[in-house]
Amino acid sequence: MTTETVEYIRYRIPEARSAEFLDAYSRAAVQLATAPQCVDYELSRCEEDFAHYILRITWTSTEDHLDGFRKSDAFQDFLAAIGPYRADIQEMRHYKPTTVRGPGAAVPTLYAWAGGADAFARLTDAFYAKVVGDELLGPLFADLPPEHAAHVALWLSEVFGGPAAYSAEHGGHGHMVAMHGGKGITERQRRRWVELMHDAADEAGLPTDAEFRSAFAAYIEWGTRLAVYFSGPDAARPTEQPVPHWTWGAAPPYRP
């Protein structure tokens with residue numbers, strides 16, 4: 001389970017002091033934004049009763065918050081800004097996230113946006129058809145089993161938010177990493193892999209909108225660079241990790 005912790009601070013601020021309270025937290029937030037222990041933060045105001053506020057801060061860990069941020073110069077500046085409102089605090093506690101979590105359907109997964117299982121099957125079929133005869137990549141994929149493209153389609157589907165079939169049937173992240181061991185992938189081969197994958201995405205009819213393709217490209221860059229590392233002679237096998245779940249990142253799907 002993650003070591004991150006979420007701190008919630010509930011305030012009750014009279015309406016007459018709300019403007020100065022928000023101004024104080026705008027100044028205090030500068031210290032949160034630059035604190036290496038702070039993952040993110042958000043101050044929310046109750047719609048039913050404007051006097052109620054909740055500050056949510058995600059810390060890298062409770063210890064990092066208490067022994068790191070609170071003992072830093074940044075905390076003194078933070079406290080100087082919000083100190084006058086300490087008496088208005090109704091709750092200040094740390095909460096550890098549970099495994100009960102997940103995205104809703106308001107923003108579609110990359111998997112759904114791409115077209116689901118059929119789209120990723122078309123993608124890998126198109127990609128490996130190109131790879132087999134490629135001068136740079138052909139030797140890496142010699143003697144591929146017939147089901148290899150289908151297995152990679154399951155992997156990509158899971159990465160982009162689809163069913164966890166690869167984890168259930170093929171061993172998850174550790175298995176995928178192990179598949180690259182000893183292959184000695186070069187930077188030229190990595191770049192060729194990226195090029196052919198983008199060509200295959202076009203051929204397979206994956207969405208061409210800028211938001212999807214930027215997220216798709218980000219994963220392809222990340223994944224291939226890890227593959228180069230884990231294919232090398234000095235690579236340290238990582239501890240067991242879940243399959244990465246790629247999201248839209250900085251640019252969610254555009255809806256006019």
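1. Let me start with helix α9 in this predicted model. E187 and R190 form a salt bridge there, with 3.0 Å between the closest N and O atoms. Both residues belong to helix α9 and sit 3 residues apart, about one turn of the helix. Their surroundings are worth a look: E187 is partly exposed at 34% relative accessibility, whereas R190 is buried at 3%. The pair does not stand alone, since salt bridges with shared partners join E187, R190, R191, E221 and R225 into one network.

2. What else does R190 touch, once its neighbours within four places in sequence are left aside? The contacts are I185, E221, T224, R225 and V228. With E221 there is also a polar contact between the side chains, at 3.3 Å. If you colour the network from the first point, you will find that E221 and R225 appear both in that network and among the contacts of R190.

3. Staying with charged pairs, the count for the model comes to 18 salt bridges. One of them joins R45 to E15, with the closest N and O atoms 3.0 Å apart. R45 lies in strand β2 (residues 38–45) and E15 in the loop between β1 (5–12) and α1 (18–33), so this bridge ties together parts that are 30 residues apart in sequence. R45 itself is partly exposed, with a relative accessible area of 32%.

4. Helix α9 also takes part in another link that I would show in a figure. The side chains of E203 and K130 meet in a salt bridge, 2.9 Å from N to O. E203 lies in helix α9 (residues 187–203) and K130 in helix α5 (residues 117–131), so the pair ties together parts that are 73 residues apart in sequence. E203 counts as exposed at 54% relative accessibility; K130 is partly exposed, with a relative accessible area of 28%. As general background, side chains of opposite charge can pair when their charged atoms come close.

5. Now to the strands. Is β3 mostly covered or mostly uncovered? Strand β3 (residues 52–59) is mostly covered, with 6 of its 8 residues buried. On one pairing, β1 runs antiparallel to β3 and 8 bridges join them; here R12 has H52 in β3 as its bridge partner. Strand β3 also pairs with β2, again in the antiparallel sense, over 7 bridges. In that pairing D40 stands opposite T58, and Y41 stands opposite I57. The connection from β2 to β3 is a hairpin of 6 residues.

6. A small point on T62, which is placed in helix α2 (residues 62–68). Its side chain makes a polar contact of 3.3 Å with the side chain of T5. Leaving aside neighbours within four places in sequence, T62 is in contact with T5 and H94. Since β1 covers residues 5–12, the T5 contact is a handy place to view helix α2 and strand β1 together.

7. The aromatic side chains deserve a paragraph as well: the structure holds 25 aromatic pairs. How are the rings of W155 and Y166 arranged? Their centres are 5.2 Å apart and their planes meet at 80 degrees, so the pair is edge-to-face. W155 lies in helix α6 (residues 148–159) and Y166 in helix α7 (residues 165–170), so the pair ties together parts that are 11 residues apart in sequence. W155 is buried, with a relative accessible area of 5%, and Y166 is buried too, at 2%.

8. F212 and F216 give a second aromatic pair to look at, this one stacked, with 5.9 Å from centre to centre and 20 degrees between the planes. Both lie in helix α10 (residues 210–230), 4 residues apart, about one turn of the helix. Both F212 and F216 are buried.

9. Last, a group of rings to select together. Ring pairs link Y11, F21, Y25, Y53, W59, F69, F75, F78 and Y85 into a cluster. Two of its members, Y53 and W59, fall within the residue range of strand β3 (52–59), and Y11 falls within that of β1 (5–12). Viewing this cluster alongside the antiparallel pairing of β1 with β3 would make a good companion to the fifth point.

Methods:
Residues numbered from 1 in each chain as written. Predicted model: local features only at pLDDT ≥ 70, side-chain atom pairs only at ≥ 80, totals over all residues. Heavy atoms only, no water. Salt bridge = Lys/Arg side-chain N within 4 Å of Asp/Glu carboxyl O. Buried < 20%, exposed > 50% of the residue type's maximum accessible area, 1.4 Å probe, protein only. Pairing = 2+ DSSP bridges. Polar contact = N/O pair within 3.5 Å; in protein donor to acceptor, adjacent residues only side chain to side chain. Contact = heavy atoms within 4.5 Å. Phe/Tyr/Trp six-rings, centres within 6.5 Å; stacked < 30°, edge-to-face > 60°.
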